[in-house]
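Thank you all for coming, and please have the viewer open, because I would like us to look at one protein chain together and take our time over it.

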Amino acid sequence: MGKTKMKTHKATAKRFKITGSGKVMRQHSGRNHNTGKKSESNRREARKWEELSKGMSKKVKKSLGL
């Protein structure tokens with residue numbers, strides 16, 4: 001019998017994406033509700049994806065089975 005396969009943590013897979021170069025990207029928070037009182041620049045900035053820190057991306061990759 002061989003080793004069992006590593007399962008992908010599905011909640012993590014839905015929240016992060018891996019770029020071609022291996023960076024882990026995440027979305028900004030604060031876009032779901034109460035956007036009327038937030039400034040247009042804040043809402044525009046929240047649309048973008050941001051790179052995770054080195055330590056956090058290591059944890060995310062582990063839970064994704066990479």
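I will go from the overall outline to the sheet, then to the salt bridges, and finally to two single residues.

Before anything else, please keep in mind that what you see is a predicted model, and that the values I give are computed from it.

Let us begin with the outline. The protein chain has three helices and three strands, and if you follow the elements from the N terminus on, they run α-β-β-α-β-α. The C-alpha trace spans about 60 × 25 × 20 Å along its principal axes. For a chain of 66 residues, a compact globule would have a radius of gyration near 11 Å, whereas this protein chain has 16 Å. Buried residues make up 12% of the 66 residues, and the chain exposes about 5,900 Å², of which carbon and sulfur atoms supply 50%. If we take the contacts between residues at least 6 apart in sequence, 54% of them join residues at least 24 apart.

Now to the sheet. Strands of a sheet pair through backbone hydrogen bonds, and they can do so in a parallel or an antiparallel way. In what order do the three strands lie in this sheet? The order is β1-β2-β3, the sheet is open, and the pairing is antiparallel. The edge strands are β1, which covers 16–18, and β3, and each of these pairs on one side only. From one strand to the next, the twist averages 35 degrees.

We can look at each pairing in turn. Between β1 and β2 there are three bridges in the antiparallel sense; among them, Ile18 has Val24 in β2 as its bridge partner, and Lys17 has Met25 in β2. These two strands form a hairpin with five residues between them, and in the turn you will find Gly22, which has a positive phi of about 100 degrees. On the other side, β2 and β3 also pair in the antiparallel sense over three bridges, and here Arg26 has Glu50 in β3 as its bridge partner.

That last pair leads us to the salt bridges. Side chains of opposite charge can pair when their charged atoms come close. How many salt bridges does the model contain? The count comes to four. The side chains of Arg26 and Glu50 form one of them, with 2.6 Å from N to O. This pair links distant parts of the chain, since Arg26 belongs to strand β2 (residues 24–27) and Glu50 to strand β3 (residues 49–51), 24 residues apart. So Arg26 and Glu50 are partners in the sheet by a bridge and also partners through their side chains. Arg26 is partly exposed, because its relative accessible area of 28% lies between the cut-offs of 20% for buried and 50% for exposed. Glu50, with a relative accessible area of 31%, is partly exposed as well.

Another salt bridge joins the side chains of Glu40 and Arg47, at 3.8 Å from N to O. Glu40 counts as partly exposed at 40% relative accessibility, and Arg47 counts as partly exposed at 46%. Lys48 forms a salt bridge with Glu45, where the closest N and O atoms are 3.5 Å apart; Lys48 is partly exposed at 45% relative accessibility, and Glu45 is partly exposed with a relative accessible area of 40%. Salt bridges that share partners also join Glu40, Arg43 and Arg47 into one network.

I would like to finish with two single residues. Is Ser57, which you will find in helix α3 (residues 54–64), buried or exposed? Ser57 is buried, because its relative accessible area is 12%, and the cut-off for buried is under 20%. If we leave aside its neighbours within four places in sequence, Ser57 is in contact with Val24 and Leu52. Val24 is the residue we met as the bridge partner of Ile18.

The other residue is Asn32, which lies in the loop between β2 and α2 (40–46). Asn32 is exposed, with a relative accessible area of 78%. Along the chain, Asn32 and Gly2 are 30 residues apart, and their C-alpha atoms are separated by 45 Å.

Definitions and conventions. Residues numbered from 1 in each chain as written. Predicted model: local features only at pLDDT ≥ 70, side-chain atom pairs only at ≥ 80, totals over all residues. Heavy atoms only, no water. Helix = DSSP H or I, 4+ residues; strand = E, 2+ residues; numbered from the N terminus. Buried < 20%, exposed > 50% of the residue type's maximum accessible area, 1.4 Å probe, protein only. Contact = heavy atoms within 4.5 Å. Pairing = 2+ DSSP bridges. Axes fitted to C-alpha atoms, helices over the stretch in contact; angles between N-to-C directions. Rg over C-alpha atoms; globule rule 2.2 N^0.38 Å. Areas by Shrake-Rupley, 256 points an atom, 1.4 Å probe, with all protein chains shown as cover.
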